[in-house]
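Trainee: Before we begin, could you show me the model, so that I can put my questions with the coordinates open beside us?
Mentor: Here it is, and we can then go through it one topic at a time.

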Amino acid sequence: MSSIFTKIVEGKIPSYKIYESDDCLAFLDINPNSYGHTLCILKREVDYIFDLTDQEYISLMKFSKKIATALKKSVDCQRIAISVVGLEVPHVHVHLIPINKMKDLDFSNNLDLEKNNFEEVCNKIKSKLD
């Protein structure tokens, strides 16, 4: 059965897509810890990050760095944190979370954003991509 992220890749579920390459996709988390919280995924569905090939791992990390750089230019934050947990969706994904303090990484805290907020930050990040 396809993961929710595979369905996003296939266009079966809508998302706020920021950028995609041949192998990877970046989109906003719909339950964000902070404004701009972004997910980067490998399009190929793999459950566990350390089951990726070396090339896939490197590709996902380079892709995530590109998105994190644009994200940092787009939102007011001290840093862009990276987290790879992998328990909630069985599809490798990297969380890029704008943070100002450690508790910003608490996944039990979610912002309640409106559609226009998602669209605004998505467009800001897109505009900062090199």
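**Reading the predicted model**

Mentor: Let us start with Ile-58, which lies in helix H2, the run of residues 54–74, and keep in mind throughout that this is a predicted model.

Trainee: Is Ile-58 buried, partly exposed or exposed?
Mentor: Buried residues fall under 20% relative accessible area and exposed ones over 50%, with partly exposed in between. Because the relative accessible area of Ile-58 is 42%, this residue of helix H2 is partly exposed.

Trainee: Which residues make the nonpolar surface patch, and what is its area?
Mentor: Ile-58 contributes to the patch, in keeping with its partly exposed state at 42%. The other contributors are Tyr-48, Phe-50 and Tyr-57, and the patch made by these residues together with Ile-58 has an area of about 430 Å².

Trainee: What is the order of the strands in the open sheet?
Mentor: The sheet has five strands with antiparallel pairing, in the order S1-S2-S3-S5-S4. The edge strands, each pairing on one side only, are S1 (17–20) and S4 (79–83). From one strand to the next the twist averages 20°. To restate what you asked for, the order is S1-S2-S3-S5-S4.

Trainee: How many bridges join S2 to S3, and how many join S3 to S5?
Mentor: Strands of a sheet pair through backbone hydrogen bonds, either parallel or antiparallel. Strand S2 (residues 24–28) runs antiparallel to S3, with Leu-25 standing opposite Ile-41 and Phe-27 having Leu-39 as its bridge partner. On the S5 side, where the pairing is also antiparallel, Cys-40 has Val-94 as its bridge partner. The counts are five bridges between S2 and S3, and four between S3 and S5.

Trainee: Which strands does helix H2 touch, and what angle does its direction make with that of S3?
Mentor: Helix H2 packs on the sheet, where it touches S1, S2, S3, S4 and S5, the last of these spanning 93–99. With angles running from 0 to 180 degrees between N-to-C directions, the direction of H2 makes with that of S3 an angle of about 160°.

Trainee: Which strands does helix H3 lie across, and at what angle does it run to S1?
Mentor: Helix H3, formed by residues 115–127, lies across S1, S2 and S3. Its angle to S1 is about 30°.

Trainee: Which residues of S3 are buried on each side of the strand?
Mentor: In a regular strand the side chains alternate between the two faces of the sheet. Five of the five residues of S3 are buried, and both of its faces are covered. On one side the buried residues are Thr-38, Cys-40 and Leu-42, and on the other they are Leu-39 and Ile-41.

Trainee: Why does Leu-42 count as buried, and which residues does it touch?
Mentor: Leu-42 is found in strand S3, residues 38–42, and it counts as buried because its relative accessibility is 2%, whereas the limit for that class is under 20%. The C-alpha atom of Leu-42 is separated by 9.4 Å from that of Thr-6, a residue 36 places away along the chain. Leaving aside residues up to four places away in sequence, Leu-42 touches Asp-23, Cys-24, Leu-52, Glu-56, Leu-60, His-91 and Val-92.

Trainee: Which salt bridge links distant parts of the chain, and how far apart are its closest N and O atoms?
Mentor: Side chains of opposite charge can pair when their charged atoms come close. A search of the whole structure finds six salt bridges, and one of them joins Asp-130, in the segment after H3, to Lys-73 in helix H2, 57 residues apart. Asp-130 is exposed at 75% relative accessible area, while Lys-73 is partly exposed at 46%. For the pair Asp-130 and Lys-73, the closest N and O atoms are 3.7 Å apart.

Trainee: Which salt bridge has both its residues in helix H3?
Mentor: The two residues lie four apart in H3, about one turn of the helix. One partner, Lys-115, counts as exposed at 55% relative accessibility, and the other, Glu-119, as partly exposed at 33%. The salt bridge, with an N to O distance of 3.7 Å, is the one between Glu-119 and Lys-115.

Methods
Residues are numbered from 1 along each chain as its sequence is written. This is a predicted model: local features need pLDDT of at least 70, side-chain atom pairs count only at pLDDT 80 or more; totals for chains, interfaces and linings use all residues. Side-chain values use heavy atoms; hydrogens and water are left out. Patches are made of residues with over 30% relative accessible area and no salt bridge: like charges are joined within 9 Å, nonpolar side chains (Val, Leu, Ile, Met, Phe, Trp, Tyr) within 5 Å. Accessible areas come from the Shrake-Rupley method with a 1.4 Å probe; for residues, only the protein chains shown count as cover. A salt bridge is a side-chain nitrogen of Lys or Arg within 4 Å of a carboxyl oxygen of Asp or Glu. Buried means under 20% relative accessible area, exposed over 50%, partly exposed in between (1.4 Å probe, protein chains only). Contact means heavy atoms within 4.5 Å. Two strands pair if DSSP finds at least two bridges between them.
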